[in-house]
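Colleague: I want to learn how the labels in a model like this are earned. May I quiz you on them?

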Amino acid sequence: FIDIAFHKTILRNFKMKLKEAIKGQRTVVIYPGRFQPMGSHHFQAYKHLVSKFGKANVFVATSDKTGDKSPLNFNEKKKVISAYGVPAKQIVKVKNPYRSDEITSKLPDDTAVLWAVGAKDGDRLVSGKYFDKYKKGMDLSPYKDRGYIYIVPHVSLKVNGQEMSGTAIRQALSNKDLSPKERKDIFKQITGFNNPSIEKMLLNKLA
């Protein structure tokens with residue numbers, strides 16, 4: 001004799017537990033970049049991610065590589081990023097920001113991971129086999145099976161009418177034709193805050 005009502009109850013309970021398990025899956029967001037240096041537009045993007053996924057789930061990933069276009073080392077970048085209020089433990093030194101093994105290796109196996117990038121980088125990254133574009137409400141696979149690309153809304157940063165890229169920011173801060181007051185004003189426009197220590201470090205580094 002088969003108790004149909006009993007089996008329906010078991011099936012219903014199983015489905016409820018499955019839904020609870022899915023809801024309990026953690027979603028982590030990695031915001032990768034060179035951040036040479038981080039500007040207020042980067043921080044606005046970070047705040048957007050925090051508002052969507054929670055501060056504890058958003059990590060800023062950047063490397064320690066330096067060169068002509070990357071004058072700041074990791075510790076110097078971390079000082080700038082921390083000055084915005086990003087928790088130090090959420091700023092992670094990685095070899096490859098678009099892998100970020102230093103972050104993912106510490107996560108439970110069932111964690112879903114999103115990489116937050118601009119539209120241009122997003123199109124490039126999803127051309128491979130690992131990444132897929134993130135859509136709200138989609139079922140997310142664990143990070144070992146698939147990563148997801150979250151397209152960050154573009155935030156414009158203009159100084160004296162000029163759109164600021166990383167190169168433009170470094171050129172503006174290193175412009176020796178400007179007076180100390182003018183450079184100080186540009187620093188505030190780029191970062192959005194007053195911090196003499198960070199200002200001195202950047203101006204000396206980029207001079």
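Colleague: Which residues have the most contacts inside the largest nonpolar core?

Modeller: They are Tyr31, Tyr46, Leu49, Leu173, Ile190 and Leu202, in a core of 42 residues. A caution on the source: this is a predicted model, where local features need pLDDT of at least 70, side-chain atom pairs count only at pLDDT 80 or more, and totals for chains, interfaces and linings use all residues. Residues are numbered from 1 along each chain as its sequence is written, and side-chain values use heavy atoms, with hydrogens and water left out.

Colleague: What makes a set of residues a nonpolar core?

Modeller: The members must be buried Ala, Val, Leu, Ile, Met, Phe, Trp, Tyr or Cys residues, joined through side-chain atoms within 4.5 Å. Helix α2 (residues 40-53) gives the largest share of this core, six residues. A second, separate core has 15 residues, including Trp115, Val117, Leu125 and Ile149. In soluble globular proteins, nonpolar side chains tend to be buried together.

Colleague: Why is Ala116 called buried or exposed?

Modeller: Set its value against the cut-offs: buried is under 20% relative accessible area, exposed is over 50%, and partly exposed lies in between (1.4 Å probe, protein chains only). Ala116 has 0% relative accessibility, so the label is buried. Ala116 sits in strand β4 (residues 112-117). Helices (H or I, at least four residues) and strands (E, at least two) are DSSP runs, numbered from the N terminus. Across the chain, 41% of the 207 residues are buried.

Colleague: Which residues is Ala116 in contact with, leaving aside its neighbours within four places in sequence?

Modeller: Contact means heavy atoms within 4.5 Å. Ala116 meets Val29, Ile30, Tyr31, Pro32, Leu49, Tyr150 and Val152, with those neighbours left aside. Take Leu49: 67 residues separate Ala116 from it in sequence, yet their C-alpha atoms are 8.1 Å apart.

Colleague: Why is the pair Lys205 and Glu76 called a salt bridge?

Modeller: The rule asks for a side-chain nitrogen of Lys or Arg within 4 Å of a carboxyl oxygen of Asp or Glu. Here the closest N and O atoms are 3.1 Å apart, so the pair meets the rule. Lys205 is in helix α8 (residues 196-206) and Glu76 in helix α3 (residues 74-83), so the bridge ties together parts 129 residues apart in sequence. Lys205, at 35%, is partly exposed. Glu76, at 15%, is buried. The whole structure holds six salt bridges.

Colleague: What separates Arg124 and Asp121 along their helix?

Modeller: About one helical turn, because they are three residues apart in helix α5 (residues 119-125). Their side chains form a salt bridge at 3.5 Å, N to O. Arg124 is partly exposed at 46%. Asp121 is partly exposed too, at 28%.

Colleague: How far apart are the closest N and O atoms of Lys133 and Asp123?

Modeller: They are 2.9 Å apart, and the pair is a salt bridge. Lys133 is in strand β5 (residues 131-133) and Asp123 in helix α5, 10 residues apart.

Colleague: How do you know that the span of helix α7 agrees with what is expected?

Modeller: The expected span is 1.5 Å times one less than the number of residues. Helix α7 (residues 180-191) has 12 residues and should span 16 Å; its end C-alpha atoms are 16 Å apart, so the two agree.

Colleague: Why do the buried residues of α7 line one face?

Modeller: Seen down the axis, they fall within an arc of 115 degrees, so they share one face. The arc is that of the directions from the helix axis to the C-beta atoms. The buried residues are Arg183, Ile186, Phe187, Ile190 and Thr191. Their cover includes α2, β7 (158-159), α6 (166-173) and α8.

Colleague: What makes the link from the side chain of Gln25 to Asp110 a polar contact?

Modeller: A polar contact is a pair of N or O atoms within 3.5 Å; within protein, one must be able to donate a hydrogen and the other to accept it, and residues adjacent in sequence count only if both atoms are side-chain atoms. The Gln25 side chain reaches the backbone oxygen of Asp110 at 2.9 Å. The backbone oxygen of Leu140 is reached at 3.2 Å. Gln25 is buried, at 19%.
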